[in-house]
Structure formats: C-alpha cells, structure tokens
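Hi everyone, thanks for making time. I'd like to walk you through a structure you probably haven't met yet, so let's put it up on the screen.

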Amino acid sequence: MTNTADKKTGISRRSLLKTGAAAVGFAAGSGAISGFPTIWAQSNITLRQFGTGVSNLNAIADKCKADLGITLEMTATDSDAAAQRAVTQPDSYDIADIEYWIAKKVFPTGVLQPMDVSKLKYYDELVPLFKTGKLTPDSVIAQGTAPHTVGYVEAQDSKVFAKAPTNWFTMVPTIYNADTLGIRPDLVGRDITTWADIMDPAFKGKTAILNIPSIGIMDAAMIMEAMGNIKYADKGNMTKDEIDKTIDFLIKAKQGGQFRAFWKSFDESVNLMASGEVVIQSMWSPAVAAVRSKGIACRFQPLKEGYRSWGGGLGLAAHLKGAELDAAYEYINWYTSGWVGGYLNRQGYYSANMVSAKKFMSEDEWGYWIEGKPAKGDILSPDGKVMEKAGAVRDGGSFENRMGKVACWNSVMDEDRYMVKRWNEFIAA
Amino acid sequence: MTVALDQPATTAAAKPARRRRVSLGAIAPYLQATPLALILGAFLLLPILMIAVVSFWDYDFASMYPDFLTTNYSDVLGSWVTWKTYLNTLKYAAIVWVLTLFIGFWVAYFLAFHIRTTAMQMVLFLVCTVPFLTSNIIRMISWIPVLGRNGLVNSTLVRMGLVPAPIEWLLYSEFAVVLAMVHLYTLFMVTPIFNTLMRIDKSLIEAARDAGASGWQILWNVIIPLAKPGMAIGTIFVVTLVMADFSTVQVMSGGQSASVALMMKNQMSLLQYPAAAANAVVLLVLVLLMVAGILRIVDIRKEL
C-alpha cells in the first residue's frame, strides 16, 4: 500500500510515517486537554485488578467503564494463588482485590502502598467494623484476623500495621459477609442450632467441609469448640498443640466416615448440596442462593456460637504513581459511592459503605437484605432472576444481627506452615 | 534407552571410517540429530534440571531462596503422609493396570482376529476413540450424575427393589476413582496391543493349529508372547498416567483420597514450590525405575 502511494503522490515512506505519528499524537493530545472528569475516557486508562473472584464481576467492570471511562481488566484466582501473585508479580496488577487475611501476609512485603485517607471521599461513611473492629460501640471484637487489625499502617512508607486508626489505610474495605453452615432443611429432619450438629452420627457420610486450609481450619475450630472438645485462646491464631488437637479430631471423624467429600470450589459445594450427596456442610452465601435458585430448599443456618466472617478490600500496587494513581483513587471513590455497594448487597454480601449503597436499593430490597424484614415483593438478583418470593425473610435476619454475631474472622496464623502441613495429613489420611 | 542409543552411535562411528575425507558427511548425523536434541534439551532436560535445582531451595509463603538444603527431601521422605500417599498411588496404578490390560487385550483381540475386513477394523477402532473427542475432565465428571446417591444407577437399583437404600460407595470412593481411570485410560492399552496383534503373521496361527494346538494353547503360546511389546508400551502409558494423575483422584474421591500428584498440586497451590519440586524428583525417579523395569522384562524394539 505504501508502495502504490509512493508512486502516485511522491510522498516518501519516511514522511508518510512521520505524518501518521503526528496524527496519532494529535489525537491523544486533544483527548488530554478535554478536561476532567471525562479525562479517563479520553486517555484510555486501564486498571488491572486481580482478586479472589467474589467481587471480580463483569457488571462492575462494565459500569466502571460507563461511569468513569476506566477500563478494568479483571483476573480471578483462588486465595492462595492471589496471595502468591500479589507478592511475586507486583507489576502484573494495579489493584489488588484481596481478603484481609491475605493482606496480613502480603502487605509487609511492600508490594502494596497505603492509601491516604483524606483522598477517600467516603471514608467517614465506612462501617466502623473496619476501623475499630466494632459494629456498634458495645460489640465484642471477634477472634482471628479482624480487618481493623491489619487496616492501617503508621506512615506512608511503613509496612507495620498500626494498633489504632491512622491516616494511612492498607486497603479500602469493599465486601464482607458472615458464613455459617448450609443445610438441606428437607433432608436433615431436625432443627440445626449449633456447629456441633455437623458431627451428629445421624448425618454420617452426608456432611462436607471445605478443603481450603486457612478457612477450613476455622470451621473446624468452630465445630471443636461447639462440641466442647477444646477452648481456644484465639481460634485465628492457634498454638501447635491446638492445631494438633483439631487436626487429630478431623482425621478421626474422616476415618469414621463422617464426611462425604471435601470441596474446594464454589460449584462443587453447590453440586454436593443440590444433588443431596450432602445435607449439612460449610457453605458460602451465594452458593446457598444458587442451590435455592434450582428450586431446592437450602438454608444458611444461623448457629448459636455465631458466624465465621470474612472481608475483602482493594489495595493499591506500590508501583502506581501519577495519573494512574489518581485514576486508582478515582476508581476506589467510585466503588464506595453506592452503585457497587447496592449490587453487592443484592447478591447477599455486604457493602462497606451502607449509607451510599442504600441510595441504590429499593425500600423493599433494603428491608429484605439489610433490615431482615419479610420481602414485600419478589426479590430479584442483580441480573434480574427471582431469588426469593414475597414474604421470605433472610436467613439470620438483619445486618446487625448477622455481622454483630461474628465469632471469628478468616485468618492467617503464626503457625501457618505447620497448620498447612497437618491439614495435608488430614486430607491424605 | 541405552539400546535405543546404540544404533545411531554405530552408524556414526561407521561413517567416518568409510569416507574420512568428507567432513560434512561425518557431521551429517549430528546435524540431523541437532533439532531434536535442541528441542528435548530446551523443553525437557532444562526444566527437569531446574526442578532438581529448585528442590534444594528454601522458601516461605511468597518466594524461594537459592540454597542447598536437604530439608525438602527429608520432609518428603520422612513423613508418613508421603509413604501412605505413594502406597495409595501405587495401589491405584496396580489395580488400573490389571483392569486396563485385561479389558484392553480383549478389545484388541476382538478387533484383530474377529473382524474380517480391514475397513471394518478401522471403523470399529475409530469408534473406540470417539470418547476422546470430548475432554478428559468432562468424561470424568459425567460419572458423577450416574454414580451419585440419587444418580442413575442408584435410583434404578432402588426402584427395581434390588437394594433397600442407595449404595454409598459408588461415588466419592476408591471404587469411583478406579472406575473413572479405567474408563479414561483403557484406550492407551488397546491401541498398542491392537497394533502388535495386527502384525502377527496369520500363518503362525495356522501352523500352530496344524500342529494340533488348542485355542487356548495358541493364545497362550503364540499370541500373548507376540503381543508383549504392545502390552509393555500400553503399560508404560497407563502406569505413568495413573502415577501423575491428580484431577481424577480429587474429583472422583470428593477430595477424600490422596495421590502423589495431588499432594504436589496442594503444595504448589500453597506456594511451596521447592517442596513440590522435591516430590516431583522422587516421583520421577520412581516412575523411571518402573519404566526401566518394564523394559528389562520386555524388549520393545525387538518385536516392533
């Protein structure tokens, strides 16, 4: 093509290239001067976000593109791979969407930069759970890696977690929930009230727990304590002796045939429950919803010992600076401004900014998901599927009722390596 | 392996003797071997070497540190979990080997001796490969709705009144693992055995019959000895596949059973690469020993 152009017009290949480059430069330049807030749309900023999958939702990327013009490239991995990637490939992402217990491992390695609280538009509206560890002023701080304990550092260049809130946030909290056991009310045939019920001989061969060591050990701890076998000083940070006792107990239960399977992924837990292979098991809230959406009765049973909770947030990669850093702050402020919060709330998770999320939910949705009131009309999922019929009440009730009864947070222990080694023995036993 | 190397070595030695003056002729065999040597070197030897090197490194949750530690090996070899897992994997290998050999031989025998036209043989052989048009994982997972507590088999048995309650051990058990493996790997046995059976000179069988041998005697004294190389190749396929399997064991046992590769996968997902590398080296040595053993018993090249 350039050859024919050469012959006809006499423009040399070189000058043609030059003109082309100038045209491209002009196009880019004209975009840059068209001004805030559409600047991101013009300059085509892309933020690469990776995380554990729960909040890596295409709907969020689409909405972000529409509202801010920022292209979000999202990668989902499992939690262990997320921790690894965060540390070993710090240049491969701009935003880390990880859980707080992963942050406890990752942040001290210096791959994330703390964020300036004063640049966060909605900081004051964030749920106090992530600042002081207390949902209400008189609630008790749960065991484990509570988000507020790894939520702040002393200074911008510090890698040491601060004891009390400072101006430097490690991650902005986005999504969290309280997990418990899922049951098939039609198949268990009795009331389930405690974590210990999963070990009931009546359910022999019909139970499952999850095979993700750092989370599975916490479920096991809730079970152990509920059975009165042991009293942990801190379930989230067991001693070697406590780990041994817990794993030995699990091995005994496994060899006695108590478990049907151990699941590793969300869909496995859904299939186990929906097919009736299992009637009581560790479960996550959207998995319960997925079973129910197949028309099969499934309940996310509140238990008297309380919930095992988890929380995630967005962290900034250390390499971000200049326009990209500004874009990242812009993105985080957008994230906490309500649309995403409403979206997450309607999926059965909780948004860290309830004030703004409320504006994006109908009164009935807010009543059902957050206040624990019976639904007045059908409750729809964000993609328009009927999740609950009118009259339904959320398992566990209101936000305060659920998040106020957290017994422990997902955590990483000092004896992590030993725990993982023993957990592998449990799986191999 | 040493046997396989013999031939190029002797021709290479013979050639320069014949025409010592032409140097290009002398290096021609080396040039011809270079592409393969480069590919194998870069994509096989180098990675294995790296695995061996890494297996001596130190690590924490995030990174690995070059070092020369034997703790990875002492952790692997000193733990009862490892021994139990290896025994379990060997058990799977043995059971699956026996079953695939038995089934594979008879399928191949039927194809080779009972189907008269070559065209039909090829059609039926292709039919055997049809399942391979879908992925390994799908073929495995499709067993779950069949074997489950409320699955096809159990609901049929219960409805027919043959069993009072669903049979629990059909799924998420060692039975399920073995069943899925046999299903997945039998073709690897059928193909090489079919190949060797097709090469058996039919006049040998006629001669045996003329000499008064019974059907079983022909099978035992003529066909099976001649089919041994195919069986050995199939055995190598099946044994190495089973020894390295992790997905079948995890899915079909519901995470309840362990295999060596699954142990490695767990270690890798927990970022313990050096530990997984040490495990890989141990497994590699074991599998190579097994293959060497098979090759000692059956001379594959002799019969091909």
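So, look at where α9(A) and α17(A) cross: that crossing is right-handed. Remember as we go that this is a predicted model. To find the two helices, go to residues 240-255 of chain A for α9 and residues 416-428 of chain A for α17. They pack at an angle of about 10 degrees, and their axes are 9 Å apart. What does an angle like that make them, parallel or antiparallel? Angles under 35 degrees count as roughly parallel, so α9(A) is roughly parallel to α17(A).

Who's actually touching whom here? On the α9(A) side, the contact includes Lys240(A), Ile243(A), Asp244(A) and Ile247(A), and further along Leu250(A), Ile251(A) and Lys254(A). Facing them from α17(A) we have Tyr418(A), Met419(A), Arg422(A), Trp423(A), Glu425(A) and Phe426(A). If you sort the residues of that contact by class, you get 8 nonpolar and 5 charged, with no polar ones.

Okay, on to the sheet. There's an open sheet of 5 strands in chain A, with mixed pairing, and the order is β12-β11-β13-β10-β14. Which strands sit at the edges? Those are β12 (259-263) and β14 (299-301) of chain A, and each of them pairs on one side only. Going from one strand to the next, the twist averages 25 degrees.

Let me zoom in on one pair in there. β10, residues 181-183 of chain A, and β13, residues 280-282 of chain A, are antiparallel, with 3 bridges between them. If you want a spot to click on, Ile183(A) stands opposite Ile280(A) in β13(A). Then there's a helix to look at as well: α8, residues 213-226 of chain A, lies across β11 (207-210) and β13 of chain A. Relative to β11(A), helix α8(A) runs at about 130 degrees.

Now let's zoom out to domains. The domain assignment splits chain A into three pieces: domain 1 is 39-178 + 309-358, domain 2 is 181-305 + 398-428, and domain 3 is 362-397. Between the C-alpha centres of domain 1 and domain 2 of chain A there are 27 Å. And how many residues are in contact there? It's 23 from domain 1 of chain A and 21 from domain 2 of chain A. On the domain 1 side, α6 (100-106), β6 (143-144), β9 (172-179) and β15 (307-317) of chain A each put in at least two residues. The one that gives the most is α6(A), with 3 residues. By class, that side of domain 1 of chain A has 10 nonpolar, 10 polar and 3 charged residues.

Two of those elements also pair with strand β19, residues 406-409 of chain A. β6(A) runs parallel to β19(A), over 2 bridges, and there Gln143(A) has Cys408(A) as its bridge partner. β15(A) is parallel to β19(A) too, joined by 3 bridges, with Tyr307(A) opposite Val406(A).

Last stop, the two chains. Here 20 residues of chain B are in contact with 24 residues of chain A. From chain B, the elements giving two or more residues are α4 (80-114) and α13 (260-269). Sorted by class, the chain B side comes out as 8 nonpolar, 9 polar and 3 charged. That's my tour, so over to you for questions.

Notes
Residues are numbered from 1 along each chain as its sequence is written. Chains are lettered from A and ligands numbered from 1 in the order in which they are written. This is a predicted model: local features need pLDDT of at least 70, side-chain atom pairs count only at pLDDT 80 or more; totals for chains, interfaces and linings use all residues. Domain bounds come from an automatic or database domain assignment. Two residues are in contact if their C-beta atoms, placed from the backbone, lie within 7 Å. Helices (H or I, at least four residues) and strands (E, at least two) are DSSP runs, numbered from the N terminus. Ala, Val, Leu, Ile, Met, Phe, Trp, Tyr, Cys and Pro count as nonpolar, Asp, Glu, Lys and Arg as charged, and the others, Gly among them, as polar. Two strands pair if DSSP finds at least two bridges between them. Axes are lines fitted to C-alpha atoms, for helices over the stretch in contact, and angles run from 0 to 180 degrees between N-to-C directions. Angles under 35 degrees count as roughly parallel, over 145 as roughly antiparallel, 65 to 115 as roughly perpendicular and the rest as oblique. A crossing is left-handed if the near helix is turned anticlockwise from the far one by less than a right angle, and right-handed if clockwise.
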